Every structure is written in structure tokens, then in C-alpha cells.
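Please read these notes with the model open beside you. Take the points in order and find each residue as it comes up.

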Amino acid sequence: MSAETITTAIPEGAVAGAVPADAVPADADPRALTIPNVERVLDELRPYLMADGGNVEIVEIDGPIVKVRLQGACGSCPSSTMTLKMGIERKLREAIPEVSEVIQVL
């Protein structure tokens with residue numbers, strides 16, 4: 001699998017990282033390691049991150065490694081490593097078995 005990088009601008013008023021339902025084909029495998037599938041899982045976690053003043057964005061998928069950037073309060077929080085590994089990585093690995101690791105890019 002080649003690396004994929006997100007370069008799409010987010011329309012005004014849209015939630016960062018939200019993937020429109022019609023952007024993913026109905027027959028797409030929800031367990032495949034794709035940007036829309038990763039975004040779908042992150043969308044489940046975003047309300048918890050936003051409640052604490054943070055967010056997360058995908059920077060790149062490099063083979064089985066998902067690179068993300070923690071934003072807002074999450075970027076400077078002392079518990080960001082715990083959030084990344086025990087929250088984001090755990091949830092992504094459960095939903096998408098191909099994910100081997102999630103790392104933070106600054």
C-alpha cells in the first residue's frame with residue numbers, strides 16, 4: 001500500500017475530518033485501512049476530544065502506520081500520549097485490524 005496524504009480543504013461549517021456518507025461506496029470494506037475508514041473511527045472519538053478542547057487529524061497513512069496530529073488542548077496536554085495510545089490507537093486497531101501503530105506528528 002502506498003502512503004496517502006490528506007490535502008483536501010475542509011468546507012466552512014464542516015467538522016474537521018468528517019466524511020460525507022455519500023463519499024464512501026456502500027460496498028466498501030469498513031475494516032480496510034483507508035482514509036475514509038480511519039476518519040469514520042476518529043469521528044466516533046472526536047466528541048470526547050472536543051469536550052476537552054482538542055481534536056485529531058490524519059496526516060498520513062504509511063503502510064500499516066497511521067500518522068495523526070493532535071490539535072488544540074490535546075496537542076499540549078500531559079496526557080496526550082495516553083489519549084493517543086489507549087484511546088485513538090486502541091479504537092483504530094479494533095475497528096481496522098491492519099493498523100499496527102498510530103503515531104503523533106507535530
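The numbered points below go from the overall fold to single residues.

1. Start with the kind of model. This is a predicted model. Keep that in mind at every point.

2. Next, the fold. The protein chain holds three helices and four strands. Followed along the sequence, their pattern is β-α-β-β-α-α-β. The chain has 106 residues, and buried ones make up 30% of them. Look also at how far contacts reach. Take the contacts between residues at least 6 apart in sequence: 56% of them join residues at least 24 apart.

3. Now the largest nonpolar core. It has 20 residues. Those that touch the most other members are Val38, Leu42, Val66, Ile88, Leu92 and Val102. Which elements give two or more residues to this core? They are helix H1 (35-51), strand S2 (54-62), strand S3 (65-72) and helix H3 (80-95). H1 supplies the largest share, six residues.

4. Pick out Leu42 in that core. What does Leu42 touch, once residues up to four places away in sequence are not counted? The list is Val56, Ile58, Ile88 and Leu92. Two of these names, Ile88 and Leu92, also appear with Leu42 among the core residues that touch the most other members.

5. Strand S2 deserves a close look. Is S2 largely enclosed or open? Seven of its nine residues are buried, so S2 is largely enclosed by the rest of the structure.

6. Stay with S2 and add its partner. S2 and S3 run antiparallel, and eight bridges join them. Find Ile61: opposite it, in S3, stands Val66. The two strands form a hairpin with two residues between them. In this hairpin, Gly63 takes a positive phi near 65°.

7. Lys67 is a good test of what "buried" means. This lysine sits in strand S3. Is Lys67 buried or exposed? Its relative accessible area is 19%. The cut-off for buried is under 20%, so Lys67 counts as buried. Leave aside its neighbours within four places in sequence. Lys67 is then in contact with Glu57, Ile58, Val59, Glu60, Asp62, Ile103 and Val105.

8. Compare that with Val102. This valine belongs to strand S4 (residues 101-104). Val102 is buried, with a relative accessible area of 0%. Beyond its neighbours within four places in sequence, Val102 is in contact with Val66, Val68, Leu84, Lys85, Ile88, Glu89 and Leu92. Now measure along the chain and through space. Val102 and Pro64 are 38 residues apart in sequence, yet their C-alpha atoms are 8.8 Å apart.

9. Last, the second largest pocket. About 260 Å³ of space lies in this pocket. Of its 14 lining residues, the closest to the centre are Tyr48, Leu49, Asp52, Cys74 and Thr83. Two or more lining residues come from each of H1, helix H2 (73-76) and H3. Which element gives the most to the lining? H3 does, with six residues. By class, the lining has seven nonpolar, four polar and three charged residues.

10. To close, go back over two elements. H1 gives six residues to the largest nonpolar core, and H1 also helps to line the second largest pocket. H3 gives two or more residues to that core and six to the lining of that pocket. Trace both helices on the model before you move on.

Technical notes:
Residues are numbered from 1 along each chain as its sequence is written. This is a predicted model: local features need pLDDT of at least 70, side-chain atom pairs count only at pLDDT 80 or more; totals for chains, interfaces and linings use all residues. Side-chain values use heavy atoms; hydrogens and water are left out. A nonpolar core is a set of buried Ala, Val, Leu, Ile, Met, Phe, Trp, Tyr and Cys residues joined through side-chain atoms within 4.5 Å. Buried means under 20% relative accessible area, exposed over 50%, partly exposed in between (1.4 Å probe, protein chains only). Contact means heavy atoms within 4.5 Å. Two strands pair if DSSP finds at least two bridges between them. On a 1 Å grid over the protein atoms alone, a cavity is a set of points where a 1.4 Å probe fits but cannot get out, and a pocket is an open set with protein on both sides within 12 Å along at least five of seven lines; lining residues have an atom within 4 Å of a point. Grid points are joined across faces, edges and corners, and a volume is the space filled by probe spheres set on the points. Ala, Val, Leu, Ile, Met, Phe, Trp, Tyr, Cys and Pro count as nonpolar, Asp, Glu, Lys and Arg as charged, and the others, Gly among them, as polar.
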